[in-house]
Amino acid sequence: MSENNNINIVLAGQGNTGKSAVFNYLTGLHQHIGNWAGKTIEKSEGTLFYKGNTIDVLDLPGIYSFTTYSVEEIISREYIINQKPDFVINVIDSTNLERNLIFTIQLLELECPVILDLNMIDLSRKKGITINTEKINEIFNTPVIPTVASRGSGISEILDKVIELKGKKTSHPIHPYGKEIENCIGQLSESLCDVDLPYPARWVAIKLLEKDKDIVNL
C-alpha cells in the first residue's frame with residue numbers, strides 16, 4: 001500500500017466526552033496500550049483499514065485546556081506540533097458545548113487540521129438542546145460531525161471526511177480576545193516574526209501572556 005494511503009489521526013478532547021468510546025470503535029482489537037516515553041501516562045494507539053486506507057489512531061490524554069501546565073497537556077500539545085498528524089479529531093461533549101469549545105479554540109490556535117466530533121448528540125437532544133452545526137462550521141471553518149460513539153453512529157462520517165480532506169490546506173479564523181489583549185498579542189507576534197519557533201507565533205504570544213513557563217523558557 002502506498003504512503004499516500006496512510007493517514008494519521010489523533011483524538012483530543014476534555015475528560016468524559018466519550019473519546020475512549022470513539023477510539024475503541026475505530027480500532028477494535030487492533031490497538032495496543034503502553035506509556036508515553038519516560039512517563040506514567042497511558043498511551044493508546046491503534047490501526048484500522050477503511051476504503052483502501054490505513055488509518056493510524058492515537059488517543060491523546062484527556063485534558064481541559066493547554067493552559068494549566070499538566071504533564072498530559074504538555075504531552076498533547078508537543079505531540080500535535082512535533083508529529084504533525086494529518087488530523088486532530090476534537091471529541092466534544094455536545095451536552096456541554098460552551099466549556100468544550102474553549103479547548104477547540106486553543107487547538108485551532110495551534111494551526112492544526114481539526115475535525116469537530118459532537119459526541120453524545122443523542123443526550124443533548126434528550127435535554128432539548130439544538131445545535132446549529134452549520135453555524136459552528138461557519139465560525140470555526142472546520143467540519144462538524146454529530147456522533148453517538150457508544151453506538152458507532154457518525155464515526156464512518158468522520159473517516160469519510162478525513163479521506164476527503166487529506167492533503168487539503170485549510171485556514172481558521174482568529175478568535176479575538178478583546179482590543180487590549182489583541183494589541184498585546186499583535187505586538188508580541190510581530191516581535192517573534194524573525195524567531196525560529198516550534199509553535200505558531202500567535203499561539204506563543206498568547207502563552208507568553210499567560211506566563212506559560214515552558215514557552216517563556218524556549
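**Exercise 1. A salt bridge between two helices**

Are Glu182 and Arg202 buried or exposed? Work this out for the predicted model, and then describe the contact that the two residues make.

*Solution.* Begin with the accessibility classes: Glu182 is buried, and Arg202 is buried as well. Next consider the contact itself, where Glu182 and Arg202 form a salt bridge whose closest N and O atoms are 2.9 Å apart. Finally place the partners in the fold: because Glu182 belongs to helix H7 (residues 179-191) and Arg202 to helix H8, the pair ties together parts that are 20 residues apart in sequence.

**Exercise 2. Two further salt bridges**

Place the salt bridges Arg77 with Asp212 and Lys161 with Glu164 in the secondary structure, and give the accessibility classes of their residues.

*Solution.* The search of the whole structure finds 8 salt bridges, and the two treated here are among them. In the pair of Arg77 and Asp212, the closest N and O atoms are 2.8 Å apart. Arg77 sits in helix H2 (residues 71-83) and Asp212 in the loop between H8 and helix H9 (213-216), so that the bridge links distant parts of the chain, 135 residues apart. Both Arg77 and Asp212 are buried.

In the pair of Lys161 and Glu164, the closest N and O atoms are 3.2 Å apart, and both residues lie in helix H6 (residues 155-165), 3 residues apart, about one turn of the helix. Since buried requires under 20% relative accessible area, Lys161 with 23% counts as partly exposed, and Glu164 with 43% likewise counts as partly exposed.

**Exercise 3. Following the strands S2, S3 and S4**

Which residues are the bridge partners of Glu45 in the neighbouring strands, and which residues of the two hairpins take a positive phi?

*Solution.* Start with strand S2 (residues 31-35), which pairs with strand S3 (residues 42-50) in the antiparallel sense over 5 bridges; here Glu45 of S3 is the bridge partner of His32. Continue to strand S4 (residues 53-59), which runs antiparallel to S3 and is joined to it by 7 bridges; on this side the partner of Glu45 is Leu58.

Now turn to the hairpins. The one formed by S2 and S3 has 6 residues between the strands, and Gly38 takes a positive phi near 75° there; Ala37, in the same loop between S2 and S3, is exposed at 75% relative accessibility. The hairpin of S3 and S4 has 2 residues between the strands, with Lys51 at a positive phi near 50°, and Gly52, found in the loop between S3 and S4, is partly exposed at 45%.

**Exercise 4. Cysteines and the surface**

How many disulfides does the model contain, and which residues make a nonpolar surface patch?

*Solution.* The count comes to 0 disulfides. Cys193 is in no disulfide, and the nearest cysteine sulfur, that of Cys184, is 16 Å away, which is to be set against the cut-off of 2.5 Å. Cys193 is exposed, with a relative accessible area of 57%, whereas Cys112, at 6%, is buried.

For the second part, the nonpolar surface patch is made by Tyr177, Ile181 and Leu209 and covers about 250 Å². Leu209 is placed in helix H8 (residues 201-209) and is partly exposed at 37%.

**Exercise 5. The whole chain**

How many helices and strands does the protein chain have, and what is its radius of gyration?

*Solution.* The protein chain has 9 helices and 7 strands. Its radius of gyration is 18 Å, close to the 17 Å that the globule rule gives for 218 residues, so the chain is as compact as a globular protein of that length. Of these 218 residues, 46% count as buried.

Technical notes:
Residues numbered from 1 in each chain as written. Predicted model: local features only at pLDDT ≥ 70, side-chain atom pairs only at ≥ 80, totals over all residues. Heavy atoms only, no water. Patch = residues over 30% accessible without salt bridge, like charges linked within 9 Å, V, L, I, M, F, W, Y side chains within 5 Å. Areas by Shrake-Rupley, 256 points an atom, 1.4 Å probe, with all protein chains shown as cover. Salt bridge = Lys/Arg side-chain N within 4 Å of Asp/Glu carboxyl O. Helix = DSSP H or I, 4+ residues; strand = E, 2+ residues; numbered from the N terminus. Buried < 20%, exposed > 50% of the residue type's maximum accessible area, 1.4 Å probe, protein only. Pairing = 2+ DSSP bridges. Rg over C-alpha atoms; globule rule 2.2 N^0.38 Å.
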